[in-house]
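Please find below my notes on this model, set out as numbered points. They cover the domains, the ligand surroundings and two helix pairs.

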Amino acid sequence: MAQTFGVNLRGVIDLLSHHLYSSPRVYLRELLQNAVDAVTARRLADPSAPGRILIESTERTGNGTLRITDTGIGLDESEVHSLLSTLGGTSKRDELGFARQDFLGQFGVGLLSCFLVADEVRLVSRSANGSPAVRWVAHGDGTYEVEVDDTARAEVGTTVELVPRRDCDHWAEYDTVAMLAAEFGSLLPVEVRVAGPNGQVLVTEDELPWTRRKDESVAQHHERLAEYCRETMGFEPFDVVPLEFGAVGLTGAAFVLPAGANPGTRQAHRVYLKRMLVGTSIEGLLPDWAYFVRCVVDTSALRPTASRESLYEDETLLAVRDALGTRLRDWLLRLDATEPERAGAMLAAHQLGIKSVALIDDELLRLAERWVPFETTRGTMPLRQFRRGHATVLYTPDVDEFRQLAPVARAQGIGLVNAGYAYDTELLKRLATLDGANTARRVEPSELLAALGRPSAQVAAAMKRTMSVAAKVLDSHDCEPMLRDFDPVSLPALLVADAGGARRRDAADARETADPLWQDLLGRLVDADSGAAQQLVLNTRNPLVARLAGIDDPTLLETAVLALYVHAVLQSHRPLRPKDTATLNGSFLDLLDRAIGD
Ligand SMILES: Nc1ncnc2c1ncn2[C@@H]1O[C@H](COP(=O)(O)OP(=O)(O)OP(=O)(O)O)[C@@H](O)[C@H]1O
């Protein structure tokens, strides 16, 4: 025989309070939602039916209860059983189980949230279908009583009364109730009032705050939106973008953050669904790249999750996200066409997001090229400007490598771009795909070496002994010395490691600590390539290097070469290996010792 599941209400309430809703405060939202839906349902049959909701706090009722009264469709006795007293029972789905568009609710669990703050929930209702009025009293232990009492209520509509739990009195007091009602319900399409010790307050507004008024100019509308942003979102917007997408019944506004937005911060949008607040920190409404934009929107098409505290990730949300992204992109392009200076400032401030989307959007790639500043050997400038002086953009894909090579490149008149930050290299590659392979190319350090002058035969001869000592002491660092004559004069030595060399060095490092099996494998990798992993390029133009030739004391010469080597390692910003640190300590203390003398 088929059996029916029993439901342990206490367990379900526990589940709701600890795992579904983030706070008991949602109880008021659920009550408001039911009242609005009841009014909507009644008006579907009778458009002239009254639409009023009154919330009375404990100060007003005087008997310790919170009361909410609506002029909605009401319930008869059988509906009280099948809808109110059945978990998952709802009148807001169609025969096929789909949520009906007109209503806020859909899951048939919302009323249970009252038990987050109440021990007992009482309801008195008169249905619009002419049935006699009913009373319903439900307890937190899962029991309820129903009684038909035609004298209980004369008007069509429903009154719900909560008897707060002992520790939950404050949830039913005026200050809290008025605050929650305004937060969740200020934009609801039905008049909502809250009654407290000093009379009633209307919490609903006539119009959506972001809708353009008939008598308002575009500029005035923008100023009012900026004012809304200051008050509600708490920042001065760089710009405001009105939003309207009829297809998904969405209206609202996007506010562009001023400079300084952190790409890592979560998106936090203010979202209303059918004019009821879902939340103020809703994520996922915009594409990731638009992290510098905050929105306020009201929509009828998106679906809430069961807690109503976030949006359900479905096809519609994807479409909305796409549409909003396109809107922002078009706004950016228009800003560039009409107010280029402002567009430049905006793109420089939020470059990370723009760069990420420029990788897949050619028009935004052009914007990024024109406005996003890059660090170059000719100063900080957008790529477009740099390209005017350089047919091919030479770049380093690594910030440290740029720092190391830039002074040398600059001195040789070679233009170099630092493409070491997020998306830079991909962006340059994309430019090369669009504008031709010669547009941008990664520069190899060895390439730069080729541009450096060779010392005269005389200087080379004078440095011969120095070079052989250097070759000996640097060998254990997998480094070979080299003489070049280059600017800047102030730079004594440059450490150059090519990609292959760096790989070999890493493998050599790993071999020292690896187990025997790996040691063998890594050894083969290390030996596969000939030559040292790095080169210490000594600058014969530098006076200190020139004086190395005159050092007679062989130990001092060795220490001086090692000191130049670790100095170059430090300059390259490469992490120090244990061997480098030991060399740094040894050479520093030795030189200090000699400097202080006996
Ligand atoms: N004030 C009211 N007036 C008339 N009917 C009501 C009222 N409150 C609740 N109901 C009925 O009780 C049913 C269950 O309400 P409940 O709040 O638990 O779920 P819901 O509103 O249907 O969905 P959700 O869980 O999404 O809120 C509703 O579908 C509605 O038919």
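1. Helices here are DSSP runs of H or I with at least four residues, numbered from the N terminus. On that basis, α2 gives the largest share of the shell around the ligand, 5 residues. The model is a predicted one.

2. The rest of the ligand shell can be described briefly. There are 24 residues around the ligand, and those that come nearest are A38, T90, S91, G105 and G110. Two elements, α2 (26–45) and α4 (77–84), give two or more residues to this shell. Sorted by class, the shell around the ligand holds 12 polar, 9 nonpolar and 3 charged residues.

3. On the division of the chain: the protein has domain 1 (9–202), domain 2 (218–337), domain 3 (341–443) and domain 4 (454–597). Between the C-alpha centres of domain 1 and domain 2 the distance is 31 Å. Their contact involves 13 residues from domain 1 and 9 residues from domain 2.

4. Which helix supplies the largest share of the side of domain 1 that touches domain 2? That helix is α5 (residues 174–185), with 3 residues. In terms of class, this side of domain 1 consists of 9 nonpolar, 3 polar and 1 charged residues.

5. Helix α5 also packs against α2, at an angle of about 60 degrees and with the axes 9 Å apart. Angles from 35 up to 65 degrees fall outside the parallel and perpendicular classes, and α2 and α5 are therefore oblique to each other. The crossing of α2 past α5 is right-handed.

6. The residues behind that packing are as follows. From α2 come L28, R29 and L32, and from α5 come V177, L180, A181, F184 and G185. The contact of α2 with α5 counts 6 nonpolar, 1 polar and 1 charged residues. Helix α2 thus appears twice in these notes: in the contact with α5 and in the shell around the ligand.

7. A second pair is helix α7 (residues 315–338) with helix α8 (residues 340–349). Their axes lie 5 Å apart and the packing angle is about 130 degrees, which makes α7 oblique to α8.

8. Which residues of α7 and α8 meet? On the α7 side they are L332, L335 and D336, and on the α8 side P340, R342, A343 and M346. By class, the contact of α7 with α8 has 5 nonpolar and 2 charged residues, and no polar ones.

Definitions and conventions:
Residues are numbered from 1 along each chain as its sequence is written. This is a predicted model: local features need pLDDT of at least 70, side-chain atom pairs count only at pLDDT 80 or more; totals for chains, interfaces and linings use all residues. Domain bounds come from an automatic or database domain assignment. Two residues are in contact if their C-beta atoms, placed from the backbone, lie within 7 Å. Ala, Val, Leu, Ile, Met, Phe, Trp, Tyr, Cys and Pro count as nonpolar, Asp, Glu, Lys and Arg as charged, and the others, Gly among them, as polar. A residue is near a molecule or strand if its C-beta atom, placed from the backbone, lies within 6 Å of it. Axes are lines fitted to C-alpha atoms, for helices over the stretch in contact, and angles run from 0 to 180 degrees between N-to-C directions. Angles under 35 degrees count as roughly parallel, over 145 as roughly antiparallel, 65 to 115 as roughly perpendicular and the rest as oblique. A crossing is left-handed if the near helix is turned anticlockwise from the far one by less than a right angle, and right-handed if clockwise.
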